[in-house]
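Grab a pencil and work through a few short exercises on the model below. Try each task yourself before you read its solution.

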Amino acid sequence: MASNLQQAFFNGQEYWKNNDYLNARYWFEISYHDNNFKIESLAKLIQIEIREGKYAKARELLNNNQNLNNPILKQLYGLLENIENNFNQSKKYYNECMQNPNMQYKSLLALVKLYVQTGDYDIAEKMYQTLQLNPRFYIQSTIGLTCLNILKKRFYDAQQCLKKIDESKLTPKIAQHYNILNAYVKYFLGQLKPSDNIYDPIKDYMIYRLFDNSEQTLLYHIKKHKNQSEKVTNGCFFKYTDLKKLLLDAKEKIKNMNGNHFEISDMYRFKLDTPIGYKGDLITNDLCVVTMIGTKDIITMYPVSLSSEFDNEGLSTSEQLKKKRLQGGIKND
């Protein structure tokens, strides 16, 4: 029979699967005190901070741990460096994880995503195709290849990738993502027209935005991030934040920035001169602006908490990276 601490880990896992990070954190903080689940619990706590956009806290947890050579934690270092635009450092961590036989395929998938960031699209494409040969990674790599084709404006190729996926084998979460990808591809191939817009502006927001790109709809969505009840978990803007002005400032700010590619979105993270809201129980100046991949078309924005090592490599405004990505196939607006 599992001990109370072990049971706490299993409880945390259940809440994690349901994206209930508040309760998952509670249980993982308990199971962290079991030596058998210490690393796994810490890894989950770090992942929660990353998913909630608390990158400063995630880095603090990583820097304070005494197991720097643990491949699970090193993988998370790689992910955090990727998110915070330190691609060279991220690649270093992932390559080190590749030395562990149990982490090779997972690290390879992470490296592919990193090659997409650095504009090495041909390398990324070949790596995705190699990963497709492994049944365990077939769906992930095929979705990744679909997103790469969307990034390169190869919508027909993206559609052919999606057709190779057996929808009956998808989990509900991946199925939802599949439907978004499918709608995007059909839209850009001219197979979806305004009259086909049967999507709910709240439940199907990502798809709905294809048909309604008005600023009014965008501001209505962003306004949800003013919900003060989410201050401690997801974070929120101050209730008095002028979102219209912040949106104008954000549009100007991202004009000359390189987005951080995440599936079919680009994320622009940066620090502002004045506070804009809360992340957890701390006030933050940091903002994440999300656009449709390869464009400056804003989908949403919300407060985040960046670490002191954010963008150490200066890649968010690197002209060299911008040119490399353009040569790789992006057509920026």
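Here are four exercises, going from the whole chain down to single residues.

This is a predicted model, where local features need pLDDT of at least 70, side-chain atom pairs count only at pLDDT 80 or more, and totals for chains, interfaces and linings use all residues. Residues are numbered from 1 along each chain as its sequence is written, and side-chain values use heavy atoms, with hydrogens and water left out.

**Exercise 1.** Work out how compact the protein chain is for its length.

Step 1: take stock of the parts, which are 15 helices and 7 strands (DSSP runs numbered from the N terminus: H or I of at least four residues for helices, E of at least two for strands).
Step 2: compare the radius of gyration, 20 Å, with the 20 Å that the globule rule gives for 333 residues; the two are close, so the chain is as compact as a globular protein of that length. The radius is taken over C-alpha atoms, and the rule is 2.2 Å times the number of residues to the power 0.38.
Step 3: look at the box filled by the C-alpha atoms, roughly 55 × 50 × 40 Å along the principal axes.
Step 4: check burial, and you'll find that buried residues make up 51% of the 333. Buried means under 20% relative accessible area, exposed over 50%, and partly exposed in between (1.4 Å probe, protein chains only).

**Exercise 2.** Describe how strands β6 and β7 sit together.

Step 1: β6 (residues 286–292) pairs with β7 in the antiparallel sense over 6 bridges; strands count as paired if DSSP finds at least two bridges between them.
Step 2: find a facing pair, such as Cys-288 opposite Tyr-302 in β7.
Step 3: follow the hairpin through the 5 residues between the strands, where Gly-294 in the turn has a positive phi of about 75°.
Step 4: all that's left is β7 (residues 298–304) itself: 7 of its 7 residues are buried, so the rest of the structure largely encloses this strand.

**Exercise 3.** Is Ser-90 buried or exposed, and which residues does Ser-90 contact?

Step 1: locate Ser-90 in helix α6.
Step 2: read its relative accessible area, 0%, which makes Ser-90 buried.
Step 3: skip neighbours within four places in sequence; Ser-90 then contacts Gly-78, Glu-81, Asn-82 and Leu-114 (contact means heavy atoms within 4.5 Å).

**Exercise 4.** Is Asn-102 buried or exposed?

Step 1: place Asn-102 in the loop between α6 (87–97) and α7 (104–117).
Step 2: at 74% relative accessibility, Asn-102 counts as exposed.
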